[in-house]
Amino acid sequence: MSPEGLRGWVNKAKADCGQGRPGELTSAEREELKRLRRQNAEQAKTIEVLRKAAVFFAKESDR
């Protein structure tokens, strides 16, 4: 194990215990942020599909 690897583990453990640097995220917060970003991207794709469908159906109703 390298000293940098050990340092990373120690810093992560400190953050998870609330003893990290100000503004540093805990492991749980990082996981939640990843989940929310994934969810946000999925919702953005859904909104884009719905927007395109609305445009398509609006054009169809004009005929």
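In which helix is the place of A13? The answer is helix α1, and I shall use that residue as the way into this structure. Please keep in mind throughout that what we have on the screen is a predicted model.

Let me begin with the overall architecture. The protein contains two helices and zero strands. Helix α1 covers residues 3-16, and helix α2 covers residues 27-61. The C-alpha trace extends over about 70 × 25 × 15 Å along the principal axes. The radius of gyration is 22 Å, whereas a compact globule of 63 residues would be near 11 Å. A13 gives a direct sense of this extent: A13 and R63 lie 50 residues apart in sequence, and their C-alpha atoms are 64 Å apart in space.

The surface figures come next. Of the 63 residues in the protein, 3% are buried. The accessible surface amounts to about 5,800 Å², and carbon and sulfur atoms account for 58% of that area. A13 itself is partly exposed, at 40% relative accessible area.

I turn now to helix α1 in more detail. This helix has 14 residues, and the distance from its first C-alpha to its last is 20 Å, close to the 20 Å expected at 1.5 Å a residue. Just after α1 comes G18, which adopts a positive phi of about 85 degrees.

L6 also belongs to helix α1. L6 has a relative accessible area of 44% and is therefore partly exposed, the category between 20% and 50%. Together with M1, W9 and V10, L6 makes a nonpolar surface patch of about 480 Å².

Let us move to the charged side chains. How many salt bridges does a search of the whole structure find? The search returns five, and I shall describe three of them, beginning in helix α1. As a general point, side chains of opposite charge can pair when their charged atoms come close.

The pair in helix α1 consists of E4 and R7, whose side chains meet in a salt bridge at 2.4 Å, N to O. Why are these two residues separated by about one helical turn? The reason is that E4 and R7 are three residues apart in helix α1. In an α-helix there are 3.6 residues a turn, so residues three or four places apart point the same way. As for their surroundings, E4 is exposed at 54% relative accessibility, while R7 is partly exposed at 45%.

The next pair is E24 with R21, which form a salt bridge whose closest N and O atoms are 3.8 Å apart. Here, R21 is exposed, with 61% relative accessibility, and E24 is partly exposed, with 25%.

In helix α2 we find R35 and E32, whose side chains form a salt bridge at 4.0 Å, N to O. R35 and E32 are likewise three residues apart, within helix α2, and so about one helical turn separates them. R35 counts as partly exposed at 41% relative accessibility, and E32 counts as partly exposed at 42%.

Remaining with helix α2, I would draw attention to K45, which is located in that helix. Is K45 buried or exposed? K45 is exposed, because its relative accessibility is 62% and the threshold for that label is over 50%. For a sense of distance, K45 and E31 are 14 residues apart in sequence and 21 Å apart in space, C-alpha to C-alpha.

My last topic is aromatic contacts. A search of the whole structure finds one aromatic pair. The pair is formed by F56 and F57, and its geometry is edge-to-face, with 5.2 Å from centre to centre and 75 degrees between the planes. The two rings are in the following settings: F56 is partly exposed, with a relative accessible area of 46%, and F57 is exposed, with 54%.

To summarise, this predicted model shows a protein with two helices and zero strands, and with a radius of gyration of 22 Å. Buried residues make up 3% of the chain's 63 residues. Its side-chain contacts include five salt bridges and one aromatic pair, F56 with F57. On the surface, M1, L6, W9 and V10 make a nonpolar patch of about 480 Å².

Notes
Residues are numbered from 1 along each chain as its sequence is written. This is a predicted model: local features need pLDDT of at least 70, side-chain atom pairs count only at pLDDT 80 or more; totals for chains, interfaces and linings use all residues. Side-chain values use heavy atoms; hydrogens and water are left out. Helices (H or I, at least four residues) and strands (E, at least two) are DSSP runs, numbered from the N terminus. Buried means under 20% relative accessible area, exposed over 50%, partly exposed in between (1.4 Å probe, protein chains only). Patches are made of residues with over 30% relative accessible area and no salt bridge: like charges are joined within 9 Å, nonpolar side chains (Val, Leu, Ile, Met, Phe, Trp, Tyr) within 5 Å. Accessible areas come from the Shrake-Rupley method with a 1.4 Å probe; for residues, only the protein chains shown count as cover. The expected span of a helix is 1.5 Å times one less than its number of residues. Rings of Phe, Tyr and Trp (its six-membered ring) pair if their centres lie within 6.5 Å; planes under 30 degrees apart count as stacked, over 60 as edge-to-face and the rest as tilted. The radius of gyration is taken over C-alpha atoms; the globule rule is 2.2 Å times the number of residues to the power 0.38.
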